[in-house]
Amino acid sequence: MSEWLPQRLPEDIEAERALLATCCAPGAETAATEVSFVLTEEDFVHPAHRAVFKALKSLIEAQLEVNSLTLKDALDQAGDLARVGGFTGLVDLLSAEEVGRPKVLADLLIRKRKLRQLIRLGAQLVRQAAEEEAPPDTLVEQAAVDLFRLAQGQDKRGLEHIADVARDAMENLLDRLEGRGSTGLRVGFSRLDAITQGFQPGNLIILAARPGIGKTALALNWLLRSAMYHQAHAAFFSLEMSKEEVFNRLLSAHCAVNLRSVAAGNFDEAIQARLLKSRDALLELPIYINDQAAITTREITAMVDRHLSHANHKLDLLIVDYLQLLSSPDSSRAAKQSEATRIGEISRGFKLLAKDHGIPIVVLSQLNREVEHRQGGRPQLSDLRDSGAIEQDADMVMFIHRRMQPPADGQVEDDRSAELIIAKHRNGPVGSVGLYFEGEYARYREMERATDPGQG
């Protein structure tokens with residue numbers, strides 16, 4: 001890629017020397033600790049400076065005194081002493097002029113490093129486009145992800161005084177105590193919202209069930225109600241159904257019209273009027289749909305970033321249907337990793353996406369077939385298919401339990417009762433909510449009774 005890069009990249013070698021000399025001086029432990037916390041080896045261009053910074057950081061982490069002799073020993077143990085010109089070269093490096101505000105130099109090095117990364121990303125994109133290494137859409141998506149990560153940066157938040165933390169925490173707490181709302185997004189199911197206090201920003205929520213039980217219908221109900229009642233900007237990624245099928249389900253749930261009957265020609269002008277009225281209402285909602293079948297978490301992340309830049313409003317809810325259908329990058333497939341490992345990487349990717357963007361992400365998942373052979377068929381956490389990492393990454397795990405087998409096409413089961421089991425709730429109680437499934441409308445509603453939440 002060197003032929004695509006400029007001859008000289010942004011750097012400041014003298015600033016690197018001055019910063020290291022300042023941090024390695026006697027009595028500079030506090031400054032050295034702060035600098036080692038915000039910088040990485042990549043912030044230094046000169047190989048010798050990188051080696052010294054690495055040694056400095058190792059001494060700080062080991063809580064050892066920093067001086068020329070301890071640095072020499074750390075460099076020697078790492079096999080890097082020759083890179084700085086031996087002990088003589090180290091002493092010469094540390095003799096540079098010290099500065100009174102090392103944080104200023106640290107910020108300068110971070111800025112230079114980000115400029116270098118921007119140049120490399122631009123050169124990489126130019127090379128890939130010129131050599132037609134991948135389709136344009138793929139290159140754009142990857143560039144968007146890389147630029148977002150660069151924008152987020154490697155900047156780390158230091159220790160915050162409890163007074164600073166308390167402001168937002170107490171404001172949210174008082175709002176909830178005074179009935180002004182919660183920190184989470186409510187999804188229009190009163191007892192579920194009471195248990196969860198809404199889906200919390202940054203949370204990964206797993207909704208699992210066996211095929212045909214209705215997990216897609218419930219997830220779409222959450223999306224529809226959060227958009228209707230709270231104007232939530234909500235996105236639905238459907239890896240199984242087309243976008244038209246997703247819209248039809250939302251339409252049916254909104255107007256309580258059986259679309260199968262409509263498709264068979266069993267409707268009159270009154271039903272047509274209801275359909276058109278619901279269509280107009282849906283068009284006003286901030287709902288977004290993607291039905292790309294072969295999609296990765298990286299591509300979903302890029303779409304979320306792009307929505308933020310284009311709509312100037314971040315998403316409030318993201319739903320993915322469903323986990324096991326997600327694709328992995330080519331590099332992961334080439335490694336021939338196990339399915340459990342692959343699914344674990346995907347669930348971890350969604351947890352990072354939720355946390356980085358501060359939004360709740362609901363991911364639908366299949367259950368193992370073992371649940372079908374258990375007495376009563378009640379799901380439990382060990383039934384999550386393919387990976388225990390799903391349970392580990394999730395902040396909340398919910399199961400839909402229906403005692404009846406899924407009906408065949410065109411049939412309606414007698415027992416429509418269902419149970420939404422909250423089996424894991426990292427920040428609140430577990431419990432269950434009674435549901436009633438209206439399959440012909442692709443709709444769930446709460447039963448008149450529900451079990452009391454337990455303690456989680």
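## Surface and overall make-up

The accessible surface of the protein comes to about 23,900 Å². Carbon and sulfur atoms account for 51% of that surface. The model is predicted.

The chain has 456 residues, and 45% of them count as buried. Its secondary structure consists of 18 helices and nine strands. Contacts often link distant parts of the sequence. Among contacts between residues at least 6 apart, 68% join residues at least 24 apart.

## Two nonpolar cores

The largest nonpolar core holds 47 residues. Five of its members touch the most other members: Leu207, Trp222, Met398, Leu420 and Tyr444. Helix H10, residues 215-230, gives the most to this core. Its share is eight residues.

There is also a second core, separate from that one, with 32 residues. Its members include Phe44, Val66, Ala74 and Leu93.

## Helix H3

Helix H3 covers residues 47-61. How far apart should its ends be? A helix is expected to span 1.5 Å times one less than its number of residues. H3 has 15 residues, so the expected span is 21 Å. The C-alpha atoms at its ends are 21 Å apart, which agrees.

Which residues of H3 are buried? They are Ala48, His49, Ala51, Val52, Phe53, Ala55, Leu56, Leu59 and Ile60. Several helices help to cover them, including H1 (13-23) and H2 (29-38). Helix H4 (68-77) and helix H5 (86-93) are also part of that cover.

After H3 comes Gln63. The phi angle of Gln63 is positive, near 60°.

## One cavity

How many cavities of 30 Å³ or more does the protein have? The count comes to one. The largest cavity has a volume of about 40 Å³.

Its lining is made up of Thr138, Glu141, Gln142, Val145, Arg298 and Glu299. Two elements give two or more residues each to this lining: helix H7 (136-152) and helix H14 (297-311). H7 gives the most, with four residues.

## In brief

The protein combines 18 helices with nine strands. Its largest nonpolar core has 47 residues, and a separate second core has 32. Helix H10 is the main contributor to the largest core. Helix H7 gives the most to the lining of the largest cavity. In helix H3, the end-to-end distance agrees with the expected span.

Key:
Residues are numbered from 1 along each chain as its sequence is written. This is a predicted model: local features need pLDDT of at least 70, side-chain atom pairs count only at pLDDT 80 or more; totals for chains, interfaces and linings use all residues. Side-chain values use heavy atoms; hydrogens and water are left out. A nonpolar core is a set of buried Ala, Val, Leu, Ile, Met, Phe, Trp, Tyr and Cys residues joined through side-chain atoms within 4.5 Å. Buried means under 20% relative accessible area, exposed over 50%, partly exposed in between (1.4 Å probe, protein chains only). Contact means heavy atoms within 4.5 Å. Accessible areas come from the Shrake-Rupley method with a 1.4 Å probe; for residues, only the protein chains shown count as cover. On a 1 Å grid over the protein atoms alone, a cavity is a set of points where a 1.4 Å probe fits but cannot get out, and a pocket is an open set with protein on both sides within 12 Å along at least five of seven lines; lining residues have an atom within 4 Å of a point. Grid points are joined across faces, edges and corners, and a volume is the space filled by probe spheres set on the points.
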